[in-house]
Amino acid sequence: MPVRFLLDEHVSPRVASGLKRAGIDAVTAIDAGLAGSDDDALLAAAWALGRVVVTYNTADFAPLLAARNAAGALGPGIVFVSAKTLPPDRVGPLVKSLAGLAGRAGKGEMDLSCGVFLEKE
């Protein structure tokens with residue numbers, strides 16, 4: 001099943017554009033009408049839309065994901081990105097890494113539902 005991403009507001013919209021050029025369904029929080037939403041609302045909306053959240057905000061999203069998973073509410077997942085490994089201004093490497101992850105997840109080689117930390121390709 002193809003992976004569909006929703007990019008948190010801190011992720012450049014150029015990442016969504018690059019993913020779309022690679023044939024991957026990606027929207028920004030702004031595109032999805034979620035600009036200014038708190039993190040829990042963004043996560044709930046993304047999951048309701050069947051989208052994996054991509055965020056640099058591990059501090060806030062990790063506890064939200066843990067609480068949902070503990071309650072048995074598994075969703076499409078979250079991709080946590082480290083600014084040290086993939087800085088926000090390095091759009092190309094981020095697109096490449098997300099595309100690689102989407103390919104592996106789409107083939108069933110990995111499960112994003114419990115969250116994953118994005119590795120640099």
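Helices here are DSSP runs of H or I with at least four residues, numbered from the N terminus. The model on screen is predicted.

**Stop 1: valine 95 and leucine 98 in α4**

Select valine 95, which sits in helix α4. Buried or exposed: what is valine 95 at 12% relative accessibility? Valine 95 counts as buried, because buried means under 20% relative accessible area. With neighbours within four places in sequence set aside, the residues in contact with valine 95 are Val15, Gly18 and Leu19. For a distance check, draw a line from the C-alpha of valine 95 to that of leucine 74: the two are 21 residues apart along the chain and separated by 25 Å.

Next take leucine 98, also in helix α4. Leucine 98 has 0% relative accessibility and counts as buried. Show its surroundings, again without neighbours up to four places away in sequence: Phe5, Val15, Leu19, Val54, Val79 and Leu118 are in contact with leucine 98. The C-alpha of glutamate 119, 21 residues away along the chain, lies 8.8 Å from the C-alpha of leucine 98.

**Stop 2: where α1 meets α4**

Now show helix α1, residues 13–21, together with helix α4, residues 91–106. Their axes come within 9 Å and cross at roughly 50°. The two helices are therefore oblique to each other. The crossing is right-handed. Which residues of α1 and α4 make the contact? From α1, select Arg14, Val15, Gly18 and Leu19; from α4, select Val91, Leu94, Val95, Leu98 and Ala99. Coloured by class, this set shows seven nonpolar residues, one polar and one charged.

**Stop 3: glycine 103**

Stay in helix α4 and move to glycine 103. Glycine 103 is partly exposed, with a relative accessible area of 32%. Its C-alpha is 15 Å from that of proline 93, and the two residues are 10 apart in sequence.

**Stop 4: threonine 28 in β2**

Go to strand β2, residues 25–28, and pick threonine 28. The relative accessible area of threonine 28 is 8%, so this residue is buried. Follow the side chain of threonine 28 to the backbone nitrogen of aspartate 31, which it reaches at 2.9 Å. Leaving out neighbours within four places in sequence, the contacts of threonine 28 are with Leu7, Pro13 and Ala16.

**Stop 5: along α2**

Select helix α2, residues 39–48. Begin at its start, where a side-chain oxygen of aspartate 38 comes to within 3.2 Å of the backbone nitrogen of aspartate 40. Which residues of α2 are buried? They are Leu42, Leu43, Ala45, Ala46 and Trp47. To see what covers them, add elements including β1 (4–7), β3 (52–55), α3 (58–70) and β4 (78–80). After α2 comes glycine 50, with a positive phi near 75°.

**Stop 6: where α2 meets α3**

Keep α2 and α3 on display. The axes of these helices come within 10 Å and cross at roughly 55°. α2 and α3 are therefore oblique to each other. The crossing of α2 past α3 is right-handed. On the α2 side, the contact is made by Asp39, Asp40, Leu42, Leu43, Ala44 and Trp47. On the α3 side, pick Asp60, Phe61, Leu64, Leu65, Arg68 and Asn69. How many nonpolar, polar and charged residues does this contact have? By class, there are seven nonpolar, one polar and four charged residues.

**Stop 7: asparagine 57**

End in the loop between β3 and α3, at asparagine 57. At 16% relative accessibility, asparagine 57 counts as buried. Its side chain makes a polar contact with the side chain of aspartate 39 at 3.3 Å. A polar contact at 3.0 Å joins the side chain of asparagine 57 to that of aspartate 60. Aspartate 39 is among the α2 residues in contact with α3, and aspartate 60 is among the α3 residues in that contact. Not counting residues up to four places away in sequence, asparagine 57 touches Asp8 and Asp39.

Technical notes
Residues numbered from 1 in each chain as written. Predicted model: local features only at pLDDT ≥ 70, side-chain atom pairs only at ≥ 80, totals over all residues. Heavy atoms only, no water. Axes fitted to C-alpha atoms, helices over the stretch in contact; angles between N-to-C directions. Parallel < 35°, antiparallel > 145°, perpendicular 65-115°, else oblique. Left-handed = near helix turned anticlockwise from the far one by under 90°. Contact = heavy atoms within 4.5 Å. Nonpolar A, V, L, I, M, F, W, Y, C, P; charged D, E, K, R; others polar. Buried < 20%, exposed > 50% of the residue type's maximum accessible area, 1.4 Å probe, protein only. Polar contact = N/O pair within 3.5 Å; in protein donor to acceptor, adjacent residues only side chain to side chain.
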